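Thanks for coming, everyone. Please have the sequence and the structure open while I talk.

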Amino acid sequence: MSKLTNSAEWKAISQHYRNSAVNFSMKEAFKSDPERFNKFSLSLNDILFDYSKNLITDETLPLLLGLTQQADLKKKTEAMFSGEIINTTESRAVLHTALRNQSDEPVYVGDEDVMPKVRRELEKMRKFSEFVRSGNWKGYSGKSITDIVNIGIGGSDLGGKMVTTALKPYARPDLNIYFVSNVDQADLIATLEKINPDTTLFIIASKVFNTQETMTNANSAKRWFLQHAPGPSAIKKHFVAISTHRTNVVNFGIDPYNMFEFWNWVGGRFSLWSAVGLSIALYVGMDNFEELLKGAYDADVHFRTTEYDKNIPVIMALLGIWYNNFFEAETHTILPYDNSLSQFGNYLQQGDMESNGKTIDRNGQAVDYHTGPIIWGQPGTNGQHAFYQLIHQGTKLVPCDFLAPAQSHYDLPNHHDILISNYLAQPEAMMKGKTEEEVRADLDADQNKNDVLVASKIFKGNKPSNTFLFRKLTPRTLGSLIALYEHKIFVQGAIWNINSFDQMGVELGKVLAKSILPELSNDQIISGHDSSTNGLINAYKKLR
């Protein structure tokens, strides 16, 4: 047994699960305790976090909180914020929190305070974004920029796409933004068909400027651009780089002055707070980008300083462990009732699954417990007509997070109240269910004779959920929400004793792809792989 599963804290939770949780009824808990909502809800600024609709008693959370001591969470948290090397496999600090640090406190990596260069890069982003947004940045034909194309993948794509989608009401209406990530040429072509070369700015985001998918798309975009531009010198007016590798940037043809920097202590899936967020700053303005940073800093301070029994990301993490490790729930779904957050689940999918999808602990030993869950979801109310059936009446336990704003950015009559009525009804229905008696009371006499119909309409209920309600989806609120989930991921990784900041599983497929690519350049029969891969390669050559 591992140190975790052999700990007194883990064993106490296991005993509590067997004694109290298996037959626990949320519906009865709400009936017997009128204060349940007040006891099990918290606030951060204008964000309300209600976790009362969970399979927990008054004893559950104190037992789960014991895991924070077992993991020495406070020490691990301070190690992250202070710039210690916590990504041990890659010998790196993990300091996305420094990117949004609003205090005057220094943050050290080794002997260097990184805050001066963080602020320098933010100032460079401000000057550049204001230059472009004002119309003073001119393309080769003397026209201002009307379209921005971000070319990246993973963290260099998902964060910017999510935030710009969420904050569209704050964007300049005559400025369009596109994100290209897939090496499937259809992705790039669909974007190029919508834009004009003389009014487009391309952002190429790649840490070392050699990511295969990103650079393939970037080089194709450059070839398309040069078919219209007067010559290679025009590249400097239409291409900028977000990278750490000056030589590769210059070789591509980008003016090094138009290169924005981030550092090896910025993980890709946590990089939207850095210069990787240039697309955000261009689209919604630097003031709003800095509001996003301030919201994340609010969540950082809350996480770092609040007692754990009142700490939103800690409680989110512990509830996730409760379901993942004791109820053996395999998935967790994100259900925003705000179409602006349509990319939020996709963003968290990478953030969580790339971080905590691990089988080896920090000591190199195989774990004997489940780690990260499968993250998925879709905006409401669309999901209600797609997969909620399985959540309500399927055989699998699916913990849910519901999110919604009290105020919309838009003003069509009736829409928002209908949306919010569904947002409120779904977690209530998941909690309460519907008994046979309630079903029969709703049916007429003939229908009551149909036992199959009656059985099909019974809902067991007792389905757990968290609910976030906030005043309005502002840049600051969005920043806080993102950071709360980041810290939840960190806490779970700390308790599971895994390195949440490497992604070795991403690499193997890339290596094999590079070995296969040359084999596709001719029509020779391939036999050097397993029979399935050989057969597929040879079939592809016949079909192409």
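I'll go through some strands, a buried acid and some salt bridges. One caution before we start: this is a predicted model.

Let's begin with the parallel sheet. It is an open sheet of five strands, in the order S8-S7-S9-S10-S11, with parallel pairing. Which strands sit at the edges? They are S8, residues 176-180, and S11, residues 259-260. Each of these two pairs on one side only.

Now look at S7, residues 147-151. S7 and S8 pair in the parallel sense, over five bridges. To find the place, look for Ile148, which stands opposite Ile177 in S8.

Is S7 buried or exposed? Five of its five residues are buried, so S7 is largely enclosed by the rest of the structure. Here is a rule to keep in mind. In a regular strand, side chains alternate between the two faces of the sheet. Check it on S7. Asp147, Val149 and Ile151 point one way. Ile148 and Asn150 point the other way. Both sets are buried.

Next to that, find helix H8, residues 155-166. H8 lies across S7, S8 and S9. Helix H8 runs at about 150° to S8.

Move along to S9 and S10. S9 covers residues 200-205, and S10 covers residues 239-242. They pair in the parallel sense over four bridges. Ala205 stands opposite Ile242 in S10.

Now for some antiparallel pairing. Go to S1, residues 41-44, and S2, residues 47-50. These two run antiparallel and are joined by four bridges. Leu44 has Ile47 in S2 as its bridge partner. S1 and S2 form a hairpin, with two residues between them. One residue to note in the turn is Asn45, which has a positive phi of about 50°.

S2 has another partner. Four bridges join S2 to S15, residues 465-470, and again the strands run antiparallel. Here Phe49 has Phe468 in S15 as its bridge partner.

Now the buried acid. Find Asp401, in strand S14, residues 400-405. Asp401 is buried, yet it has no salt bridge. Where is the nearest side chain of opposite charge? That is Lys488, 4.9 Å away. The cut-off for a salt bridge is 4 Å, so this pair does not count.

What does the side chain of Asp401 meet instead? One polar contact, of 3.0 Å, joins it to the side chain of His332. Another, of 2.7 Å, joins it to the side chain of Tyr485. Leave aside the neighbours within four places in sequence, and Asp401 is in contact with His332, Thr333, Ile334, Leu335, Asn466 and Tyr485.

That brings us to salt bridges. Side chains of opposite charge can pair when their charged atoms come close. How many salt bridges does this model have? The count comes to 30.

Take Lys39 as our example. Lys39 meets Asp33 in a salt bridge, at 2.6 Å from N to O. Asp33 counts as buried because its relative accessibility is 19%. Lys39 is at 36%, so it counts as partly exposed.

Lys39 also forms a salt bridge with Asp58, where the closest N and O atoms are 2.9 Å apart. That pair links distant parts of the chain, with the two residues 19 residues apart. Lys39 is in helix H3, residues 36-39. Asp58 is in the loop between S2 and helix H4, 60-70. Asp58 is partly exposed, with a relative accessible area of 47%.

Compare that with a pair inside one helix. Lys432 and Glu428 meet in a salt bridge, at 3.9 Å from N to O. Both lie in helix H18, residues 415-432. They are four residues apart, so about one helical turn separates them. Lys432 is partly exposed, at 36% relative accessibility. Glu428 is partly exposed too, with a relative accessible area of 38%.

Last stop. Some salt bridges share partners, and they join Arg126, Glu130, Asp287 and Glu290 into one network. Find those four on your screens, and then I'll take questions.

Methods
Residues are numbered from 1 along each chain as its sequence is written. This is a predicted model: local features need pLDDT of at least 70, side-chain atom pairs count only at pLDDT 80 or more; totals for chains, interfaces and linings use all residues. Side-chain values use heavy atoms; hydrogens and water are left out. Buried means under 20% relative accessible area, exposed over 50%, partly exposed in between (1.4 Å probe, protein chains only). Lys and Arg count as positive and Asp and Glu as negative; His and the chain ends are not counted. A polar contact is a pair of N or O atoms within 3.5 Å; within protein, one must be able to donate a hydrogen and the other to accept it, and residues adjacent in sequence count only if both atoms are side-chain atoms. Contact means heavy atoms within 4.5 Å. Two strands pair if DSSP finds at least two bridges between them. Axes are lines fitted to C-alpha atoms, for helices over the stretch in contact, and angles run from 0 to 180 degrees between N-to-C directions.
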